[in-house]
Amino acid sequence: MFVRKKCVAMLLAGGQGSRLGVLTKYRAKPGVPYGGKYKIIDFPLSNCIHSGLDTVGVLTQYEPLELNAYIGTGSPWDLDNNTGGAFVLPPYMKYERGEWYSGTANAIFQNIYFIDRYQPEYLLVLSGDHIYKMDYNEMIDFHEKNEADATIAVIEVPISEASRFGIMHTDEALRVIDFEEKPKNPKGNLASMGVYLFSWEKLKKNLICENQEKSADDFGHDIIPDMIEKGDRLFAFPFQGYWKDVGTVESLWEANMELLSDHPAMDLFDTSWRIFSRNPNKPPHFVAKGARVKNSIVSEGCYIYGKVENSVLFPGVVVEKGATVRDSIVMQETRIMERSKVIKSILDEEVVIEKNCIIGGKEDITVVGTFVTVKEGTVLPPGKKVSPKDKTSTQACGGVN
């Protein structure tokens with residue numbers, strides 16, 4: 001028997017994140033590491049449990065294995081209770097046929113049965129690939145106060161970046177009167193955060209009707225414009241806090257570097273709103289005599305014998321004697337050997353930089369994919385992108401294995 005819930009959350013975590021390039025060849029975008037010990041999906045999951053939402057469907061599709069294993073039973077986020085929990089929901093074969101999720105709205109449509117088990121009054125639809133802290137109860141209160149059919153969280157973005165987002169146009173009461181999905185020439189800068197709150201029965205009716213008449217694949221392209229056209233009550237919920245869409249290599253690097261400021265906008269040390277994650281069991285980090293660490297995040301299990309400056313190091317990273325890491329992100333279990341330099345780069349998990357290498361420089365960001373070994377003496381120029389290797393691959397390419 002399922003306990004009725006006021007609100008069920010559905011977390012869309014199947015995105016490829018192609019603009020992240022080599023970092024998402026073998027993982028979905030929500031599974032990209034961030035901040036020394038987290039993955040991007042930790043943020044919406046933590047927001048849910050802080051907001052008292054204990055029933056979360058996680059919709060996976062692209063490269064789901066790592067993300068499925070990471071979420072597991074949901075215990076790191078206290079989402080393993082008897083009356084709710086975290087449920088991984090991949091596409092599946094039905095009686096008549098099976099199909100991939102063809103968009104955000106289609107993913108919800110294919111899981112109507114799961115949602116209906118809890119008979120929710122509201123459905124919260126979340127993107128799994130944004131970094132932010134948000135109390136969803138404030139959005140629910142706003143939705144109820146306005147007797148809304150749908151409420152969309154929005155944030156002001158620079159007009160130069162507005163074409164990357166869905167742009168809302170509202171009246172003085174914040175009712176949505178027009179919507180542009182990633183417009184080439186945006187007329188405003190009130191961007192959708194990819195956080196939608198729906199009155200469930202209204203959304204379910206729209207999903208079923210739309211799928212009978214045509215393919216309703218996406219909220220931004222199909223459902224939201226149709227609801228506006230029908231005269232449904234859609235409202236924009238203004239969000240004032242930190243929010244980052246880390247959809248590019250540059251934005252991921254910037255988001256990590258922002259953590260190194262004296263007063264970062266994303267405060268990971270805030271005990272009142274902790275970000276939970278699945279942490280590795282590793283000993284404390286070690287900084288050897290003669291090593292130098294300056295303005296950096298160094299996670300557990302790291303061994304530092306060289307120099308680290310203005311960088312973010314994930315668990316198990318080794319920086320050998322004479323090696324230098326500066327302005328870089330170095331992910332889990334990566335080793336930088338003697339006399340090598342890593343400058344303004346992102347090194348993915350389990351990378352080996354052998355002796356006397358120069359990786360990156362002061363210009364564009366250099367990225368080295370997971371499981372890659374950069375051979376001794378190799379120079380990778382600024383902006384170079386090295387594709388990850390399959391863990392069993394022995395293929396060699398120039399100075400990279």
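What volume does the largest pocket have? I looked this up in a predicted model, and the volume of the largest pocket comes to about 1,000 Å³.

**Entry: lining of the largest pocket**

I listed 39 lining residues. Thr-104, Ser-127, Asp-129, Lys-182 and Asp-218 are the ones closest to the pocket centre. I then checked which elements contribute two or more residues to this lining: α3 (104–109), β6 (122–127), β11 (190–199), α7 (219–230) and β13 (243–245). The top contributor is β11, which supplies four residues. Sorted by class, I get 18 polar, 13 nonpolar and eight charged residues around the largest pocket.

**Entry: second largest pocket**

I turned next to the second largest pocket and noted a volume of about 630 Å³. Its lining holds 30 residues, and those closest to the centre are Arg-27, Lys-39, Glu-66, Tyr-70 and Glu-349.

Which elements each supply at least two residues of this lining? I found β3 (38–39) and α2 (64–71). The largest share is that of α2, at four residues.

How do the residues of the lining of the second largest pocket divide by class? I noted 14 charged, 13 nonpolar and three polar.

**Entry: recap**

For the largest pocket I keep the volume of about 1,000 Å³ and β11 as the element giving the most to the lining. For the second largest pocket I keep about 630 Å³ and α2 as the element with the largest share of the lining.

Technical notes. Residues numbered from 1 in each chain as written. Predicted model: local features only at pLDDT ≥ 70, side-chain atom pairs only at ≥ 80, totals over all residues. Heavy atoms only, no water. 1 Å grid on protein atoms, 1.4 Å probe; cavity = no way out; pocket = protein on both sides within 12 Å on 5 of 7 lines; lining within 4 Å. Points joined across faces, edges and corners; volume = space filled by probe spheres on them. Nonpolar A, V, L, I, M, F, W, Y, C, P; charged D, E, K, R; others polar.
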